[in-house]
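Visitor: I should like a close look at a single part of this model, namely the interface between the two protein chains. Please describe how it is built and then what lies beside it.

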Number of protein chains: 2
Amino acid sequence: MIEPIPTQTLQRLPLYLNYLKSLPSDEVLNISATMIAEELRLNDVQVRKDLAMAGQGGRPKIGYPVKDLISDIEHCLGYDNIERVVIVGLDNMGRALLKYEGFSEYGFDIVAAFDFDESVIGTHIFGKQVLSVEKLPKICSRMKIKMGIITVGSKEAQSVCDLLVKSGIMAIWNFSSVRLKVPDKIIVQNENLASSLAVLSNHLVEKFRSV
Amino acid sequence: MIEPIPTQTLQRLPLYLNYLKSLPSDEVLNISATMIAEELRLNDVQVRKDLAMAGQGGRPKIGYPVKDLISDIEHCLGYDNIERVVIVGLDNMGRALLKYEGFSEYGFDIVAAFDFDESVIGTHIFGKQVLSVEKLPKICSRMKIKMGIITVGSKEAQSVCDLLVKSGIMAIWNFSSVRLKVPDKIIVQNENLASSLAVLSNHLVEKFRSV
DNA sequence: TAGATTGTTAATCGATTAACAATC
DNA sequence: TAGATTGTTAATCGATTAACAATC
(Lines give C-alpha, C1' and ligand atoms only; values in the text may rest on other atoms or scores of the structure.)
Protein backbone atom coordinates (compact mmCIF):
# COMPACT_ATOMS: atom_id res chain seq x y z
CA MET A 1 0.00 0.00 0.00
CA ILE A 2 1.44 3.32 -1.15
CA GLU A 3 0.42 6.06 1.22
CA PRO A 4 -1.39 9.05 -0.25
CA ILE A 5 0.35 12.43 -0.32
CA PRO A 6 -1.30 15.25 1.66
CA THR A 7 -2.75 18.06 -0.43
CA GLN A 8 -0.48 20.68 1.10
CA THR A 9 2.60 18.68 0.28
CA LEU A 10 1.34 18.24 -3.25
CA GLN A 11 0.96 21.99 -3.57
CA ARG A 12 4.49 22.63 -2.38
CA LEU A 13 6.20 20.05 -4.58
CA PRO A 14 5.98 22.26 -7.70
CA LEU A 15 7.65 25.07 -5.73
CA TYR A 16 10.59 22.82 -4.93
CA LEU A 17 10.71 21.61 -8.52
CA ASN A 18 10.74 25.15 -9.81
CA TYR A 19 13.52 26.15 -7.45
CA LEU A 20 15.62 23.04 -8.12
CA LYS A 21 15.36 23.58 -11.84
CA SER A 22 16.56 27.16 -11.43
CA LEU A 23 19.85 25.95 -9.93
CA PRO A 24 22.93 25.72 -12.20
CA SER A 25 23.02 21.94 -12.55
CA ASP A 26 26.78 21.79 -13.12
CA GLU A 27 27.59 23.75 -9.97
CA VAL A 28 25.11 22.51 -7.42
CA LEU A 29 25.11 18.72 -7.18
CA ASN A 30 23.55 18.48 -3.75
CA ILE A 31 21.21 20.73 -1.84
CA SER A 32 20.10 20.79 1.79
CA ALA A 33 16.51 21.07 2.95
CA THR A 34 17.66 23.95 5.13
CA MET A 35 18.74 25.86 2.04
CA ILE A 36 15.53 25.17 0.13
CA ALA A 37 13.47 26.19 3.15
CA GLU A 38 15.34 29.45 3.54
CA GLU A 39 15.03 30.26 -0.14
CA LEU A 40 11.29 29.55 -0.28
CA ARG A 41 10.61 30.89 3.20
CA LEU A 42 9.30 27.61 4.54
CA ASN A 43 10.06 25.54 7.62
CA ASP A 44 13.01 23.19 7.08
CA VAL A 45 11.39 20.20 8.77
CA GLN A 46 8.41 20.64 6.52
CA VAL A 47 10.63 20.62 3.45
CA ARG A 48 12.34 17.44 4.67
CA LYS A 49 9.00 15.72 5.26
CA ASP A 50 7.74 16.73 1.85
CA LEU A 51 10.89 15.50 0.15
CA ALA A 52 10.69 12.24 2.06
CA MET A 53 7.25 11.59 0.54
CA ALA A 54 8.40 12.27 -2.99
CA GLY A 55 11.96 11.05 -3.13
CA GLN A 56 14.63 8.66 -1.98
CA GLY A 57 15.93 10.70 0.93
CA GLY A 58 19.15 12.60 1.44
CA ARG A 59 22.35 12.17 3.37
CA PRO A 60 23.32 13.95 6.59
CA LYS A 61 25.78 16.78 6.09
CA ILE A 62 25.48 16.45 2.32
CA GLY A 63 21.82 16.94 1.50
CA TYR A 64 19.83 15.70 -1.46
CA PRO A 65 21.18 15.02 -4.96
CA VAL A 66 19.53 17.70 -7.10
CA LYS A 67 19.20 15.66 -10.27
CA ASP A 68 17.56 12.70 -8.57
CA LEU A 69 15.30 14.97 -6.59
CA ILE A 70 14.01 16.65 -9.73
CA SER A 71 13.15 13.38 -11.41
CA ASP A 72 11.67 11.94 -8.20
CA ILE A 73 9.35 14.91 -7.77
CA GLU A 74 8.37 14.87 -11.43
CA HIS A 75 7.57 11.20 -11.17
CA CYS A 76 5.65 11.72 -7.97
CA LEU A 77 3.55 14.45 -9.56
CA GLY A 78 2.89 12.26 -12.56
CA TYR A 79 4.62 14.62 -14.94
CA ASP A 80 6.28 11.73 -16.70
CA ASN A 81 2.93 10.09 -17.27
CA ILE A 82 1.09 11.91 -20.01
CA GLU A 83 -2.59 12.54 -19.46
CA ARG A 84 -4.77 13.59 -22.36
CA VAL A 85 -7.23 16.38 -21.63
CA VAL A 86 -9.80 18.53 -23.40
CA ILE A 87 -10.58 22.18 -22.74
CA VAL A 88 -13.93 23.88 -23.25
CA GLY A 89 -14.04 27.65 -23.56
CA LEU A 90 -11.38 29.67 -25.35
CA ASP A 91 -11.93 33.02 -23.82
CA ASN A 92 -8.85 34.69 -22.32
CA MET A 93 -8.65 32.26 -19.41
CA GLY A 94 -8.79 29.27 -21.73
CA ARG A 95 -6.10 30.79 -23.90
CA ALA A 96 -3.94 31.57 -20.89
CA LEU A 97 -4.12 27.91 -19.91
CA LEU A 98 -3.40 26.73 -23.43
CA LYS A 99 -0.31 28.86 -23.46
CA TYR A 100 0.72 28.30 -19.85
CA GLU A 101 4.32 27.10 -19.89
CA GLY A 102 3.48 24.56 -22.50
CA PHE A 103 1.23 22.56 -20.16
CA SER A 104 3.04 19.57 -21.58
CA GLU A 105 5.74 20.24 -19.00
CA TYR A 106 3.28 19.03 -16.41
CA GLY A 107 2.37 15.83 -18.18
CA PHE A 108 -0.82 17.10 -19.75
CA ASP A 109 -1.55 16.96 -23.42
CA ILE A 110 -4.50 19.04 -24.59
CA VAL A 111 -5.84 16.90 -27.39
CA ALA A 112 -8.86 19.03 -28.20
CA ALA A 113 -10.18 22.54 -27.61
CA PHE A 114 -13.90 23.35 -27.82
CA ASP A 115 -15.97 26.49 -27.96
CA PHE A 116 -19.51 27.67 -28.73
CA ASP A 117 -18.44 30.77 -30.59
CA GLU A 118 -18.79 30.26 -34.36
CA SER A 119 -16.10 32.84 -35.04
CA VAL A 120 -13.34 30.83 -33.36
CA ILE A 121 -14.50 27.34 -34.39
CA GLY A 122 -12.20 26.03 -37.06
CA THR A 123 -9.37 28.43 -36.26
CA HIS A 124 -6.12 27.47 -34.53
CA ILE A 125 -5.12 28.91 -31.16
CA PHE A 126 -1.57 28.27 -30.00
CA GLY A 127 -1.41 25.44 -32.48
CA LYS A 128 -4.62 23.74 -31.36
CA GLN A 129 -7.61 23.52 -33.66
CA VAL A 130 -10.82 24.78 -32.09
CA LEU A 131 -13.84 22.52 -32.51
CA SER A 132 -17.56 22.96 -31.97
CA VAL A 133 -18.86 21.80 -28.60
CA GLU A 134 -21.29 19.58 -30.54
CA LYS A 135 -18.37 17.35 -31.41
CA LEU A 136 -17.29 16.96 -27.80
CA PRO A 137 -19.18 13.77 -26.82
CA LYS A 138 -18.02 11.79 -29.85
CA ILE A 139 -14.39 12.84 -29.54
CA CYS A 140 -14.15 12.34 -25.78
CA SER A 141 -15.70 8.91 -25.76
CA ARG A 142 -13.84 7.74 -28.84
CA MET A 143 -10.49 8.89 -27.46
CA LYS A 144 -11.37 7.79 -23.93
CA ILE A 145 -10.45 11.17 -22.49
CA LYS A 146 -10.57 11.22 -18.70
CA MET A 147 -10.07 14.88 -17.93
CA GLY A 148 -11.68 18.14 -18.96
CA ILE A 149 -11.07 21.82 -18.24
CA ILE A 150 -14.03 24.18 -18.06
CA THR A 151 -13.30 27.83 -18.84
CA VAL A 152 -16.71 28.88 -20.10
CA GLY A 153 -18.96 31.46 -18.42
CA SER A 154 -21.28 30.81 -15.47
CA LYS A 155 -24.29 30.29 -17.70
CA GLU A 156 -22.82 27.47 -19.76
CA ALA A 157 -20.70 25.83 -17.06
CA GLN A 158 -23.19 23.29 -15.72
CA SER A 159 -24.37 22.15 -19.13
CA VAL A 160 -20.79 21.75 -20.35
CA CYS A 161 -20.06 19.81 -17.19
CA ASP A 162 -23.01 17.49 -17.79
CA LEU A 163 -21.83 16.94 -21.33
CA LEU A 164 -18.33 16.07 -20.16
CA VAL A 165 -19.64 13.64 -17.56
CA LYS A 166 -21.92 12.00 -20.11
CA SER A 167 -18.92 11.62 -22.41
CA GLY A 168 -17.05 9.60 -19.81
CA ILE A 169 -14.82 12.25 -18.24
CA MET A 170 -13.74 11.47 -14.66
CA ALA A 171 -12.01 14.67 -13.53
CA ILE A 172 -12.89 18.30 -14.13
CA TRP A 173 -10.84 21.42 -13.57
CA ASN A 174 -13.43 24.15 -13.14
CA PHE A 175 -12.58 27.81 -13.70
CA SER A 176 -16.17 29.03 -13.70
CA SER A 177 -17.60 30.52 -10.52
CA VAL A 178 -20.41 27.94 -10.53
CA ARG A 179 -20.40 25.12 -7.99
CA LEU A 180 -20.80 22.19 -10.37
CA LYS A 181 -23.13 19.33 -9.59
CA VAL A 182 -21.63 15.99 -10.50
CA PRO A 183 -22.05 12.32 -9.56
CA ASP A 184 -19.98 11.27 -6.54
CA LYS A 185 -17.44 9.43 -8.65
CA ILE A 186 -16.33 12.51 -10.56
CA ILE A 187 -13.46 14.62 -9.23
CA VAL A 188 -13.96 18.38 -9.45
CA GLN A 189 -11.26 20.87 -8.70
CA ASN A 190 -12.44 24.44 -8.42
CA GLU A 191 -10.16 27.31 -9.28
CA ASN A 192 -11.95 30.19 -7.69
CA LEU A 193 -10.61 33.68 -8.34
CA ALA A 194 -13.32 35.19 -6.14
CA SER A 195 -12.01 33.18 -3.16
CA SER A 196 -8.48 34.38 -3.75
CA LEU A 197 -9.70 37.92 -4.03
CA ALA A 198 -11.60 37.55 -0.77
CA VAL A 199 -8.45 36.50 1.06
CA LEU A 200 -6.37 39.26 -0.43
CA SER A 201 -9.00 41.91 0.10
CA ASN A 202 -9.29 40.95 3.74
CA HIS A 203 -5.52 40.95 4.26
CA LEU A 204 -5.45 44.48 2.91
CA VAL A 205 -8.21 45.63 5.23
CA GLU A 206 -6.46 44.00 8.21
CA LYS A 207 -3.22 45.65 7.26
CA PHE A 208 -4.54 49.14 7.01
CA ARG A 209 -6.68 48.95 10.10
CA SER A 210 -3.57 48.97 12.25
CA VAL A 211 -1.78 51.69 10.25
CA MET B 1 -10.78 44.19 19.11
CA ILE B 2 -12.37 42.64 16.03
CA GLU B 3 -11.25 39.07 15.65
CA PRO B 4 -9.63 38.06 12.38
CA ILE B 5 -11.45 35.72 10.02
CA PRO B 6 -9.78 32.37 9.24
CA THR B 7 -8.53 31.96 5.69
CA GLN B 8 -10.75 28.98 4.98
CA THR B 9 -13.84 30.87 6.05
CA LEU B 10 -12.78 33.76 3.85
CA GLN B 11 -12.51 31.41 0.91
CA ARG B 12 -15.97 30.00 1.48
CA LEU B 13 -17.75 33.34 1.93
CA PRO B 14 -17.77 34.06 -1.84
CA LEU B 15 -19.39 30.65 -2.40
CA TYR B 16 -22.23 31.57 -0.06
CA LEU B 17 -22.52 34.98 -1.65
CA ASN B 18 -22.73 33.46 -5.09
CA TYR B 19 -25.38 30.99 -4.00
CA LEU B 20 -27.43 33.58 -2.10
CA LYS B 21 -27.43 35.90 -5.09
CA SER B 22 -28.67 33.08 -7.30
CA LEU B 23 -31.85 32.76 -5.21
CA PRO B 24 -35.03 34.47 -6.42
CA SER B 25 -35.05 37.35 -3.93
CA ASP B 26 -38.83 37.79 -4.01
CA GLU B 27 -39.53 34.15 -3.18
CA VAL B 28 -36.84 33.22 -0.67
CA LEU B 29 -36.74 35.66 2.21
CA ASN B 30 -34.98 33.40 4.69
CA ILE B 31 -32.59 30.53 4.25
CA SER B 32 -31.27 27.89 6.65
CA ALA B 33 -27.62 26.97 7.03
CA THR B 34 -28.70 23.37 6.54
CA MET B 35 -30.02 24.24 3.10
CA ILE B 36 -26.91 26.17 2.07
CA ALA B 37 -24.70 23.33 3.30
CA GLU B 38 -26.64 20.74 1.34
CA GLU B 39 -26.58 22.83 -1.81
CA LEU B 40 -22.82 23.52 -1.65
CA ARG B 41 -21.96 20.10 -0.22
CA LEU B 42 -20.49 21.46 2.99
CA ASN B 43 -21.02 20.66 6.67
CA ASP B 44 -23.93 22.61 8.15
CA VAL B 45 -22.12 23.51 11.38
CA GLN B 46 -19.30 24.90 9.30
CA VAL B 47 -21.69 27.07 7.35
CA ARG B 48 -23.24 28.35 10.58
CA LYS B 49 -19.83 29.22 12.01
CA ASP B 50 -18.81 30.98 8.83
CA LEU B 51 -22.02 32.98 8.74
CA ALA B 52 -21.62 33.86 12.40
CA MET B 53 -18.27 35.48 11.60
CA ALA B 54 -19.64 37.53 8.73
CA GLY B 55 -23.18 38.40 9.73
CA GLN B 56 -25.70 39.17 12.41
CA GLY B 57 -26.87 35.62 13.03
CA GLY B 58 -30.11 33.86 12.22
CA ARG B 59 -33.17 32.69 14.08
CA PRO B 60 -33.99 29.12 15.08
CA LYS B 61 -36.56 27.46 12.87
CA ILE B 62 -36.47 30.41 10.46
CA GLY B 63 -32.90 30.74 9.32
CA TYR B 64 -31.04 33.78 8.03
CA PRO B 65 -32.57 36.73 6.17
CA VAL B 66 -31.13 36.45 2.66
CA LYS B 67 -30.94 40.16 1.92
CA ASP B 68 -29.13 41.04 5.14
CA LEU B 69 -26.80 38.09 4.74
CA ILE B 70 -25.75 39.21 1.27
CA SER B 71 -24.90 42.71 2.42
CA ASP B 72 -23.20 41.44 5.59
CA ILE B 73 -20.93 39.12 3.59
CA GLU B 74 -20.17 41.81 1.04
CA HIS B 75 -19.28 44.20 3.80
CA CYS B 76 -17.16 41.58 5.53
CA LEU B 77 -15.24 40.88 2.33
CA GLY B 78 -14.69 44.57 1.81
CA TYR B 79 -16.62 44.60 -1.45
CA ASP B 80 -18.31 47.85 -0.50
CA ASN B 81 -14.97 49.49 0.09
CA ILE B 82 -13.32 50.24 -3.24
CA GLU B 83 -9.63 49.49 -3.52
CA ARG B 84 -7.66 50.90 -6.41
CA VAL B 85 -5.23 48.50 -8.05
CA VAL B 86 -2.83 48.34 -10.97
CA ILE B 87 -2.10 45.35 -13.18
CA VAL B 88 1.18 44.63 -14.95
CA GLY B 89 1.17 42.22 -17.88
CA LEU B 90 -1.62 42.06 -20.43
CA ASP B 91 -1.06 38.64 -21.81
CA ASN B 92 -4.08 36.32 -21.78
CA MET B 93 -4.05 35.91 -18.01
CA GLY B 94 -3.96 39.66 -17.49
CA ARG B 95 -6.83 40.10 -19.92
CA ALA B 96 -8.81 37.35 -18.28
CA LEU B 97 -8.50 39.20 -14.97
CA LEU B 98 -9.38 42.54 -16.53
CA LYS B 99 -12.52 40.99 -17.90
CA TYR B 100 -13.33 38.74 -14.93
CA GLU B 101 -16.91 39.52 -13.92
CA GLY B 102 -16.14 43.18 -13.95
CA PHE B 103 -13.71 42.94 -10.97
CA SER B 104 -15.54 45.99 -9.71
CA GLU B 105 -18.12 43.62 -8.23
CA TYR B 106 -15.47 42.64 -5.72
CA GLY B 107 -14.60 46.16 -4.71
CA PHE B 108 -11.52 46.49 -6.88
CA ASP B 109 -11.00 49.23 -9.38
CA ILE B 110 -8.19 48.72 -11.86
CA VAL B 111 -6.96 52.24 -12.35
CA ALA B 112 -4.05 51.43 -14.61
CA ALA B 113 -2.76 48.60 -16.79
CA PHE B 114 0.91 48.29 -17.72
CA ASP B 115 2.90 46.24 -20.20
CA PHE B 116 6.35 46.06 -21.77
CA ASP B 117 5.10 45.23 -25.23
CA GLU B 118 5.24 48.30 -27.49
CA SER B 119 2.47 46.92 -29.67
CA VAL B 120 -0.14 47.05 -26.90
CA ILE B 121 1.04 50.24 -25.18
CA GLY B 122 -1.36 53.03 -25.97
CA THR B 123 -4.21 50.71 -26.95
CA HIS B 124 -7.34 50.06 -24.90
CA ILE B 125 -8.17 46.61 -23.55
CA PHE B 126 -11.65 46.13 -22.11
CA GLY B 127 -11.86 49.87 -21.74
CA LYS B 128 -8.56 50.34 -19.93
CA GLN B 129 -5.70 52.20 -21.53
CA VAL B 130 -2.42 50.29 -21.55
CA LEU B 131 0.61 52.24 -20.37
CA SER B 132 4.35 51.62 -20.52
CA VAL B 133 5.86 50.03 -17.43
CA GLU B 134 8.20 53.03 -17.30
CA LYS B 135 5.30 55.13 -16.14
CA LEU B 136 4.44 52.78 -13.30
CA PRO B 137 6.45 54.36 -10.44
CA LYS B 138 5.17 57.85 -11.05
CA ILE B 139 1.54 56.82 -11.39
CA CYS B 140 1.55 54.47 -8.41
CA SER B 141 3.17 56.86 -6.02
CA ARG B 142 1.15 59.83 -7.20
CA MET B 143 -2.13 57.96 -6.88
CA LYS B 144 -1.03 56.22 -3.69
CA ILE B 145 -1.93 52.80 -5.08
CA LYS B 146 -1.58 50.06 -2.48
CA MET B 147 -2.13 46.96 -4.55
CA GLY B 148 -0.68 45.45 -7.72
CA ILE B 149 -1.34 42.37 -9.81
CA ILE B 150 1.56 40.67 -11.57
CA THR B 151 0.70 38.69 -14.68
CA VAL B 152 4.01 38.94 -16.51
CA GLY B 153 6.29 36.00 -17.33
CA SER B 154 8.79 34.38 -14.96
CA LYS B 155 11.67 36.43 -16.30
CA GLU B 156 10.16 39.83 -15.61
CA ALA B 157 8.23 38.97 -12.43
CA GLN B 158 10.86 39.83 -9.81
CA SER B 159 11.88 43.11 -11.42
CA VAL B 160 8.24 44.17 -11.78
CA CYS B 161 7.74 43.22 -8.15
CA ASP B 162 10.71 45.34 -7.05
CA LEU B 163 9.34 48.24 -9.07
CA LEU B 164 5.94 47.92 -7.41
CA VAL B 165 7.45 47.77 -3.95
CA LYS B 166 9.62 50.80 -4.67
CA SER B 167 6.52 52.64 -5.83
CA GLY B 168 4.83 52.12 -2.47
CA ILE B 169 2.65 49.11 -3.16
CA MET B 170 1.78 47.06 -0.06
CA ALA B 171 0.05 43.99 -1.48
CA ILE B 172 0.79 41.91 -4.56
CA TRP B 173 -1.30 39.28 -6.28
CA ASN B 174 1.23 37.15 -8.11
CA PHE B 175 0.27 34.98 -11.08
CA SER B 176 3.83 34.22 -12.16
CA SER B 177 5.41 30.95 -11.10
CA VAL B 178 8.27 32.81 -9.42
CA ARG B 179 8.47 32.95 -5.62
CA LEU B 180 8.80 36.70 -5.19
CA LYS B 181 11.25 38.18 -2.72
CA VAL B 182 9.77 41.12 -0.87
CA PRO B 183 10.34 42.99 2.40
CA ASP B 184 8.46 41.50 5.36
CA LYS B 185 5.86 44.23 5.36
CA ILE B 186 4.56 43.44 1.89
CA ILE B 187 1.74 40.94 1.45
CA VAL B 188 2.12 38.52 -1.43
CA GLN B 189 -0.59 36.18 -2.55
CA ASN B 190 0.51 33.53 -4.99
CA GLU B 191 -1.88 32.10 -7.52
CA ASN B 192 -0.10 29.00 -8.61
CA LEU B 193 -1.53 27.02 -11.48
CA ALA B 194 1.25 24.45 -11.22
CA SER B 195 0.17 23.66 -7.64
CA SER B 196 -3.42 23.18 -8.70
CA LEU B 197 -2.30 20.95 -11.52
CA ALA B 198 -0.21 18.91 -9.11
CA VAL B 199 -3.22 18.25 -6.89
CA LEU B 200 -5.47 17.34 -9.78
CA SER B 201 -2.87 15.19 -11.48
CA ASN B 202 -2.34 13.25 -8.29
CA HIS B 203 -6.06 12.79 -7.70
CA LEU B 204 -6.31 11.30 -11.15
CA VAL B 205 -3.45 8.88 -10.55
CA GLU B 206 -4.96 7.84 -7.20
CA LYS B 207 -8.31 7.30 -8.84
CA PHE B 208 -7.09 5.08 -11.62
CA ARG B 209 -4.76 3.05 -9.46
CA SER B 210 -7.75 1.41 -7.80
CA VAL B 211 -9.70 0.90 -11.04
C1' DT C 1 -46.17 21.02 22.58
C1' DA C 2 -43.08 19.10 18.92
C1' DG C 3 -39.79 19.80 15.61
C1' DA C 4 -36.63 22.46 13.05
C1' DT C 5 -33.00 25.26 13.47
C1' DT C 6 -29.40 28.13 15.71
C1' DG C 7 -25.26 28.54 18.32
C1' DT C 8 -21.86 26.76 21.67
C1' DT C 9 -18.81 23.55 23.84
C1' DA C 10 -16.06 19.42 23.38
C1' DA C 11 -13.83 15.85 20.52
C1' DT C 12 -11.46 14.73 16.44
C1' DC C 13 -8.54 15.23 12.75
C1' DG C 14 -4.69 16.80 10.02
C1' DA C 15 -0.83 19.76 9.35
C1' DT C 16 2.96 22.33 11.26
C1' DT C 17 6.61 22.94 14.30
C1' DA C 18 9.77 21.74 18.10
C1' DA C 19 12.94 18.56 20.21
C1' DC C 20 16.20 15.20 19.64
C1' DA C 21 18.60 11.11 18.23
C1' DA C 22 21.19 9.17 14.21
C1' DT C 23 24.62 9.82 10.68
C1' DC C 24 28.14 11.35 7.69
C1' DT D 1 36.07 14.62 16.98
C1' DA D 2 32.86 18.53 15.89
C1' DG D 3 29.38 20.29 13.28
C1' DA D 4 26.02 20.14 9.78
C1' DT D 5 22.36 17.79 8.27
C1' DT D 6 18.83 14.08 7.99
C1' DG D 7 14.84 11.81 9.78
C1' DT D 8 11.71 10.55 13.58
C1' DT D 9 8.88 11.14 17.58
C1' DA D 10 6.19 14.28 20.40
C1' DA D 11 3.88 18.77 21.11
C1' DT D 12 1.30 22.40 19.23
C1' DC D 13 -1.85 24.63 16.49
C1' DG D 14 -5.88 25.39 13.67
C1' DA D 15 -9.84 23.70 11.33
C1' DT D 16 -13.60 20.45 11.06
C1' DT D 17 -17.06 17.76 12.97
C1' DA D 18 -19.96 15.79 16.66
C1' DA D 19 -22.91 16.41 20.60
C1' DC D 20 -26.12 19.07 22.82
C1' DA D 21 -28.48 22.87 24.94
C1' DA D 22 -31.25 27.04 23.72
C1' DT D 23 -34.87 29.06 21.03
C1' DC D 24 -38.59 30.08 18.05
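**The interface between chain A and chain B**

Guide: In this predicted model, the area buried between chain A and chain B is about 6000 Å², and carbon and sulfur atoms give 63% of that area. Three residues, Arg179(A), Leu197(A) and Leu200(A), supply 11% of the area that chain A buries against chain B, which is more than any other three residues. Counted by residues, the interface brings 64 residues of chain A into contact with 65 residues of chain B.

The polar side of this interface can be described next. Between chain A and chain B there are four salt bridges. One salt bridge joins Lys181(A) to Glu39(B), with the closest N and O atoms 2.7 Å apart. The count of residue pairs in polar contact between chain A and chain B, with both residues at pLDDT 80 or more, is 19.

Several elements of chain A each supply at least two residues of the side that touches chain B: helix H1 (7-22), helix H2 (33-40), helix H5 (92-99), strand S8 (171-174), strand S9 (187-190) and helix H8 (193-210). The largest share of that side, 16 residues, comes from H8(A). By class, the residues of the side of chain A that touches chain B divide into 34 nonpolar, 14 polar and 16 charged.

From the interface, the description passes to DNA strand D. The surface near this strand draws on both chains: H2 and helix H3 (44-54) of chain A, together with helix H1 (7-22) and helix H3 (44-54) of chain B, each supply at least two of its residues. H2 of chain A is also among the elements that each supply at least two residues of the side touching chain B. Of the 22 residues around DNA strand D, those that come nearest are Ala33(A), Arg48(A), Lys61(A), Tyr64(A) and Arg12(B). The surface near DNA strand D has seven nonpolar, eight polar and seven charged residues.

On the DNA side, 68% of the atoms of strand D within 4 Å of the protein belong to sugar or phosphate, and the rest belong to bases. Individual side chains illustrate each kind of partner. An N or O atom in the side chain of Tyr64(A) is 2.7 Å from a phosphate oxygen of DNA strand D. For Gln46(B), an N or O atom in the side chain is 3.0 Å from a sugar or linking oxygen of the strand. A base oxygen of DNA strand D lies 3.1 Å from a polar side-chain atom of Lys49(B).

How values were computed
Residues are numbered from 1 along each chain as its sequence is written. Chains are lettered from A and ligands numbered from 1 in the order in which they are written. This is a predicted model: local features need pLDDT of at least 70, side-chain atom pairs count only at pLDDT 80 or more; totals for chains, interfaces and linings use all residues. Side-chain values use heavy atoms; hydrogens and water are left out. Contact means heavy atoms within 4.5 Å. Buried area is the accessible area (1.4 Å probe) that two parts lose on being put together, summed over both. A salt bridge is a side-chain nitrogen of Lys or Arg within 4 Å of a carboxyl oxygen of Asp or Glu. A polar contact is a pair of N or O atoms within 3.5 Å; within protein, one must be able to donate a hydrogen and the other to accept it, and residues adjacent in sequence count only if both atoms are side-chain atoms. Helices (H or I, at least four residues) and strands (E, at least two) are DSSP runs, numbered from the N terminus. Ala, Val, Leu, Ile, Met, Phe, Trp, Tyr, Cys and Pro count as nonpolar, Asp, Glu, Lys and Arg as charged, and the others, Gly among them, as polar. A residue is near a molecule or strand if one of its heavy atoms lies within 4 Å of it.
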